[in-house]
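This report sets out selected features of a structural model in formal terms. Please consult the sequence and coordinates shown here alongside the text.

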Amino acid sequence: MPSLEELFNETFASPSVDWWVLVPQIILVGAALGLLLVASLAPRALPAWASTVVTIATGAATAITAAIQWTDWGSAPRSTLAGAFVSDGFSLLITVLVGAGVVMTALVAHSALDRYGMAPPEFAALLLASAAGAVVMAGANDLIVLFLGLESLSIALYVLIALAGRRASSRESAMKYFVLGAFSSAFFLYGIALVYGATGGTNLSRISEFLFGTVREDDYLLLAGVALLLVGLGFKIAAVPFHFWAPDVYEGAPSPVTGYLASIAKAAGFAAMLRVLYVAVLQQGTAWSPIIVALAFASLSVGAVMAICQSDVKRMLAFSSISHAGFVLVGLAAVDPDIVDRLWADFGGSVGVAADLGDGVSSAVFYLVAYSFMALGSFAVLSAVVGSSGDPDDGTSRHDLSRYGGLARRRPVLALAFAVLLLAQAGVPLTAGFVAKFEVIRAAVGEGIYVLAAVAMVTAVVSAFAYLRVVLTMYAPEAAATSGDDAPTARISRPRWGDLPLTTVLAIALAVAVTLIVGVLPQTLLEWSADAALSIFP
Amino acid sequence: MNGLEVVTSWYLILGALLFIIGGIGLLVRRNPLIMLMCVELMLNGVNLSFIAFSDRFGDVHGQTVVLFVLVVAAAEVVVGLGLVVAVLRASPRATADDLSALKG
């Protein structure tokens, strides 16, 4: 009969914690809590620039820490907290992306906070908390940790969208995102329960070991669990048919938050999906691969076709973000069943096998990074256009296409930046979008999914029409493009950056620079993504 | 041992039923508060499944998961109630059908 103390020590052996691995999360959460604490204790309201500076510094510190960790340790995985959290090249690359996303969102939001009536410290704290959730999702090696990351990302986002509560559209879109987000979280959680029931664990590596160690072809409990996990994550990444919340929420949310939602929240969802599919249930690759192909097919076609039909630029970008999700899914779908068989025969994965699989994953990672900057930049432009024309009202067609007519004459540089970002999304050569689309389609062809690759190319052409329409409207002669109702803005005679907020300009410049540099010299980012992709395989 | 198996699967079926009832309720009911309750029902259906599996495997892992889920559900409801209050304050007696200014 063991004594109580012995029993305690035996049952509650606390896991060893590698604190250095957790530094990015600690920075984000610490800054969020510290900011809230200071803001509530300070005798006067903090100035807006203070919380913006703190947010930018925190985002930059997170990205730099992750970059230092990556150069120090290489891509080899380092797991901590009893294997529940892992820091490898993949999670560190996503962490750098999240840090950059936080910096850019804070820059864009700085000038918009007042317009939307959002309190600066609350906005900053929620942004940092949701970023912490995204970073946790990128490195989670346990389904429950993944769920906690997903929830901290989502719950903070519900409030971020609702922060502009003066506007009815913001309240409505927050409510919609909340109901569907909670719905999808429940599906995700049920998926975890079923996977736990089928494999007896929630640790991704242990699930993989269990599955490769037992010969079970058709485990319906496991397959149902994986399907439910995919439903839950499909909502988060807005893949068709789980996309119907996206246009409304993107339109109703404040533009800086929309940019964050379209880039970082989506990247975190994809990071989670990647890890679940490629680490935990790779053994069932032949079962889930067709589902991913179907999701990719639906997202590509619905996103492209619906993007053409929109007269509102923000909604058009929402649907285009759905079609971009389809492109990332094409990269994820590129799994050859033969490789799974070979892995089965020789568990542990020889390097050659991992390199074959890594092609698709690496293209998906590259696409995520490239697209995130394009999305952040595009929504920053939207924020600048609405902000500069001083329109406080709450109409729902705030971003009507006609509003962009003659933008090239009024603000040539802003129009040029928007044109670059839109053409990059369309996949024009010399931009990051082209390399990203090319890599994804190459990976799909390499794995022999020709139909999907063909669909991807056709829908790229179709959605290019939607982007070109906006570009043409911007550059069309004024008389043809608009009626005279925006005469006050048309009278701005000195077209220059001067009257735009400097922070927004900085964010747009950053996005355009990344898009062009990656487009012209993609080699570095390609190597990073390949490195990151290889690091997730056991 | 055979009896235990039967009992476990009964709990699983009950959990699945709760989940489905909650899911249908969320889609059908229009009162924001009842929709929140339906989300809770779905999560509790999942919790029941976790505990049933945990009992079958004889490990505590599933039960710890339930504690995490309870905390997350509480956080979610706090935010959800805040949103509901914000919507109802702006337009009392609102139902989900009234939130349709943005056309999906």
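How many residues do chain A and chain B each bring to the contact? Chain B supplies 29 residues and chain A supplies 34, two residues being in contact if their C-beta atoms, placed from the backbone, lie within 7 Å. On the side of chain B that touches chain A, the elements giving two or more residues are helix H1 (2-28), helix H2 (32-57) and helix H3 (61-90) of chain B. H3(B) gives the most, with 14 residues. By class, this side of chain B holds 23 nonpolar, 5 polar and 1 charged residues. Here Ala, Val, Leu, Ile, Met, Phe, Trp, Tyr, Cys and Pro count as nonpolar, Asp, Glu, Lys and Arg as charged, and the others, Gly among them, as polar.

The model is predicted: local features need pLDDT of at least 70 and side-chain atom pairs count only at pLDDT 80 or more, while totals for chains, interfaces and linings use all residues. Residues are numbered from 1 along each chain as its sequence is written, and chains are lettered from A and ligands numbered from 1 in the order in which they are written.

Chain A contains 23 helices and 2 strands; helices (H or I, at least four residues) and strands (E, at least two) are DSSP runs, numbered from the N terminus. Of the 538 residues in chain A, 62% are buried. A residue is buried if 20 or more other C-beta atoms lie within 10 Å of its own, exposed if 12 or fewer, and partly exposed in between. Among the contacts in chain A with a separation of 6 or more, 82% join residues 24 or more positions apart.

Helix H19 (residues 450-475) of chain A has 26 residues and should span 38 Å at 1.5 Å a residue, which agrees with the 37 Å between its end C-alpha atoms; the expected span is 1.5 Å times one less than the number of residues. Buried residues of H19(A) include A:Leu452, A:Val455, A:Tyr467 and A:Met474.

Backbone geometry in the loops also merits attention. The peptide bond from A:Val240 to A:Pro241 is cis, with omega near 5 degrees, and A:Pro241 sits in the loop between helix H9 (220-237) and helix H10 (246-252) of chain A. Two residues other than glycine with positive phi are tabulated below.

| Residue | Phi | C-beta neighbours within 10 Å |
|---|---|---|
| A:Leu81 | about 55 degrees | 17, partly exposed |
| A:Ala82 | near 55 degrees | 14, partly exposed |

A:Leu81 belongs to the loop between strand E1 (78-80) and strand E2 (85-87) of chain A, and A:Ala82 is likewise placed between E1 and E2.
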